[in-house]
Amino acid sequence: MKVKIFSSPDPRILEKEVNQWLQDNSWINVINLTQSTGTATVISLWYSEPNVPILG
C-alpha cells in the first residue's frame, strides 16, 4: 500500500490537484481517503497498484 498526501491552504486548488492526480492515475485502487483541516487542508490518499508486469 502507498500513500499520496496533498496539502493547500485553498480548498479549491486542492480539489483540482487531487482530481487531476486521480485522473492521471486512474489505474490505481483507492483504499482509504482522509481529510484534516487547520491552517491548511490536508488530504491523505492510500492506494494500491495492480500487480501488472511492465511491458517494453
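Phe 6 is buried in this predicted model, with a relative accessible area of 2%. Its ring is paired with that of Trp 21: the two centres are 5.8 Å apart and the planes meet at 70°, so the pair counts as edge-to-face. The cut-off for that label is an angle over 60 degrees. Trp 21 is buried as well, with a relative accessible area of 16%; the limit for calling a residue buried is under 20%.

The two rings come from separate elements. Phe 6 belongs to strand S1 (residues 2-8) and Trp 21 to helix H1 (residues 11-24), so their pairing ties together parts that are 15 residues apart in sequence. Over the whole structure, a search finds two aromatic pairs. Tyr 47 joins Phe 6 and Trp 21 in one aromatic cluster. A charged residue is also placed at this site: Lys 4 lies over the face of Phe 6, at 5.5 Å from the ring centre.

Trp 21 has further partners. Once its neighbours within four places in sequence are left aside, Trp 21 is in contact with Lys 4, Phe 6, Ile 28, Leu 45 and Tyr 47. Lys 4 therefore appears twice in this region, over the ring of Phe 6 and among the contacts of Trp 21, where a contact means heavy atoms within 4.5 Å.

The strands are the next step. Three of them make an open sheet in the order S1-S3-S2, with antiparallel pairing. S1 and strand S2 (29-37) are the edge strands, each pairing on one side only. Neighbouring strands of the sheet are turned by 15° against each other on average, direction ignored. H1 packs on this sheet and touches S1, S2 and S3, its direction making about 150° with that of S1.

How many bridges hold S1 and S3 together? The pairing of S1 with strand S3 (residues 41-48) is antiparallel and runs over seven bridges. Two positions show the register: Ser 7 stands opposite Val 42 in S3, and Ser 8 has Thr 41 as its bridge partner in S3. On the other side, S2 and S3 run antiparallel and are joined by eight bridges. These two strands form a hairpin, with three residues between them. One of the bridges places Val 30 against Tyr 47 in S3, and Tyr 47 is also a member of the aromatic cluster with Phe 6 and Trp 21.

The side chains between helix and sheet can now be taken together. Which residues make up the largest nonpolar core? This core has eight residues: Phe 6, Leu 14, Val 18, Trp 21, Ile 28, Ile 43, Leu 45 and Tyr 47. H1 and S3 each supply at least two residues of it. The three residues of the aromatic cluster, Phe 6, Trp 21 and Tyr 47, are thus listed in the core too.

Two core members in S3 can be followed in detail. Leu 45 is found in strand S3 and counts as buried, because its relative accessibility is 1%. Neighbours within four places in sequence aside, Leu 45 is in contact with Lys 2, Val 3, Lys 4, Phe 6, Trp 21, Leu 22, Ile 28, Val 30, Asn 32 and Leu 33. One of these, Leu 22, is 23 residues away from Leu 45 along the chain, and their C-alpha atoms are separated by 10.0 Å.

Ile 43 also has its place in strand S3. Its relative accessibility is 12%, so Ile 43 counts as buried. Not counting residues up to four places away in sequence, Ile 43 touches Lys 4, Ile 5, Phe 6, Leu 14, Val 18, Leu 33, Thr 34 and Gln 35. Between the C-alpha atoms of Ile 43 and Leu 33, ten residues apart along the chain, the separation is 7.1 Å.

Asn 29 in strand S2 gives a contrast with these buried positions. Is Asn 29 buried or partly exposed? At 41% relative accessibility, Asn 29 counts as partly exposed. Setting aside neighbours within four places in sequence, Asn 29 is in contact with Trp 46, Tyr 47, Ser 48 and Pro 50. Asn 29 and Lys 4 are 25 residues apart along the chain, with 12 Å between their C-alpha atoms.

Key. Residues numbered from 1 in each chain as written. Predicted model: local features only at pLDDT ≥ 70, side-chain atom pairs only at ≥ 80, totals over all residues. Heavy atoms only, no water. Phe/Tyr/Trp six-rings, centres within 6.5 Å; stacked < 30°, edge-to-face > 60°. Helix = DSSP H or I, 4+ residues; strand = E, 2+ residues; numbered from the N terminus. Buried < 20%, exposed > 50% of the residue type's maximum accessible area, 1.4 Å probe, protein only. Lys NZ or Arg CZ within 6 Å of the ring centre and 35° of its normal. Pairing = 2+ DSSP bridges. Axes fitted to C-alpha atoms, helices over the stretch in contact; angles between N-to-C directions. Core = buried A, V, L, I, M, F, W, Y, C linked by side-chain atoms within 4.5 Å.
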